[in-house]
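Hello,

Here is the structure for you to look over. My notes are underneath.

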Amino acid sequence: RTQDGGTEVVAAKAGKGSATLSMAYAGALFADACLRAKNGEANIVECTYVESKITDAPFFASKVTLGRDGVDTIHGLGSLTA
């Protein structure tokens, strides 16, 4: 839901405002997740833009598991349907 938060805000404002607050909130949630992982909390999964071999693109937005030293695991795409 965080990913589409900006779109929801703009739709709710009927196109008469921006989604800056939603982007700031998403950034705050991600920063909080990074700090929790840095402090040793386990199993923190977030989406982020990382160097990846999942696609032909050198970088890709993926789910990752965060750890004390940053990204511990880059998760695959999972099941896809047409």
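The notes below cover the salt bridges and one loop residue.

Bear in mind that this is a predicted model.

Salt bridges first. The structure holds two of them. One joins the side chains of R36 and D32, with 3.0 Å from N to O. Both residues belong to helix α2, which spans residues 20–38. They sit four residues apart there, about one turn of the helix. The other salt bridge pairs E41 with R36. Its closest N and O atoms are 3.2 Å apart. D32, R36 and E41 are thus linked in a network of salt bridges.

How exposed are these residues? R36 has a relative accessible area of 29%, so it counts as partly exposed. D32 comes out at 39%, also partly exposed. E41 is at 40% and is partly exposed too. The band for that class runs between 20% and 50%.

Now the loop residue. S52 lies in the loop between β1 (44–51) and β2 (59–67). Is S52 buried or exposed? S52 is buried, because its relative accessible area is 10% and the cut-off for buried is under 20%. Which residues does S52 touch, leaving aside those up to four places away in sequence? They are A57, P58, F59, F60, S62 and I74. Of these, F59, F60 and S62 fall within the residue range of β2.

When you open the model, start with R36, which has a salt bridge to D32 and another to E41. Then go to S52 in its loop.

Best wishes

Technical notes
Residues are numbered from 1 along each chain as its sequence is written. This is a predicted model: local features need pLDDT of at least 70, side-chain atom pairs count only at pLDDT 80 or more; totals for chains, interfaces and linings use all residues. Side-chain values use heavy atoms; hydrogens and water are left out. A salt bridge is a side-chain nitrogen of Lys or Arg within 4 Å of a carboxyl oxygen of Asp or Glu. Helices (H or I, at least four residues) and strands (E, at least two) are DSSP runs, numbered from the N terminus. Buried means under 20% relative accessible area, exposed over 50%, partly exposed in between (1.4 Å probe, protein chains only). Contact means heavy atoms within 4.5 Å.
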